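The exercises below are meant to be worked through with the sequence and the coordinates open side by side. Each one sets a task and then gives a solution in steps.

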Amino acid sequence: MSAPDPARWADIAFEDRMSTVEFRVGERAHISVDSEVCRSCTTRACVTACPADLFAPTADGGILFNYEQCFECGTCYQVCDAEGAITWTYPDGGHGVVFRHG
Ligand code: SF4
Ligand code: SF4
């Protein structure tokens, strides 16, 4: 089997990508974002890096975050260089993303 082609992935519509996964949403947020820390952030790297589009800047300089459709990829935690902005854990057992094919 050949390796996935990144160019092909880019051609798949966001809605189509999201329709291939299932989210078993836990009551506890496995990621939390401290919007106060985000106010002094100049990069907003999480907004462009999150493949599920879960970070939204607010007009007052904060960040809105919704954990419910998280792919658990860890990208936000990797790109954010502000200490304390993101608290990252895995969801509780039996919850979280379920990847499906096709
Ligand atoms: S989560 Fe990190 S990268 Fe995103 S706005 Fe906050 S401080 Fe910036
Ligand atoms: S772990 Fe991945 S999908 Fe989840 S919020 Fe962070 S970047 Fe987005």
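The model is a predicted one, and the exercises begin with the surface of a strand.

**Exercise 1.** Determine whether Arg 24 is buried, partly exposed or exposed, and find the residue with which Arg 24 forms a salt bridge.

*Solution.* The relative accessibility of Arg 24 is 42%, and because partly exposed covers the range between 20% and 50%, Arg 24 counts as partly exposed. The next step is to look for its partner, which is Glu 22, with the closest N and O atoms 3.1 Å apart. Glu 22, at a relative accessible area of 31%, is likewise partly exposed. Both residues belong to the uncovered face of strand S1 (residues 21–24), whereas Val 21 and Phe 23 make up the covered face. To place the strand in its sheet, note that S1 runs antiparallel to strand S6 (residues 96–99), to which four bridges join it, and that Val 21 has Phe 99 as its bridge partner in S6.

**Exercise 2.** Count the salt bridges, and identify which parts of the chain are linked by the pair Arg 28 and Asp 92.

*Solution.* The count comes to four salt bridges. In one of them the side chains of Arg 28 and Asp 92 meet at 2.9 Å, N to O. This pair links distant parts of the chain, since Arg 28 lies in the loop between S1 and strand S2 (31–33) and Asp 92 in the loop between strand S5 (86–88) and S6, 64 residues apart.

A further salt bridge is formed by Asp 60 and Arg 39, at 3.5 Å from N to O. Asp 60 sits in the loop between strand S3 (55–57) and strand S4 (63–65), and Arg 39 in the loop between H3 and H4, 21 residues away. Asp 60 counts as exposed at 53% relative accessibility, while Arg 39, at 35%, is partly exposed. Salt bridges with shared partners join Glu 36, Arg 39 and Asp 60 into one network.

**Exercise 3.** Find the largest cavity and describe its lining by residue class.

*Solution.* Searching the whole structure gives three cavities of 30 Å³ or more, and the largest holds about 120 Å³ of space. Helix H3 (35–38) and helix H4 (45–49) are the elements that each give two or more residues to its lining. That lining consists of 15 residues, with Cys 38, Cys 41, Cys 46, Cys 80 and Ala 85 nearest the centre. Sorted by class, the lining has twelve nonpolar, one polar and two charged residues.

Methods. Residues numbered from 1 in each chain as written. Chains lettered and ligands numbered in written order. Predicted model: local features only at pLDDT ≥ 70, side-chain atom pairs only at ≥ 80, totals over all residues. Heavy atoms only, no water. 1 Å grid on protein atoms, 1.4 Å probe; cavity = no way out; pocket = protein on both sides within 12 Å on 5 of 7 lines; lining within 4 Å. Points joined across faces, edges and corners; volume = space filled by probe spheres on them. Nonpolar A, V, L, I, M, F, W, Y, C, P; charged D, E, K, R; others polar. Buried < 20%, exposed > 50% of the residue type's maximum accessible area, 1.4 Å probe, protein only. Pairing = 2+ DSSP bridges.
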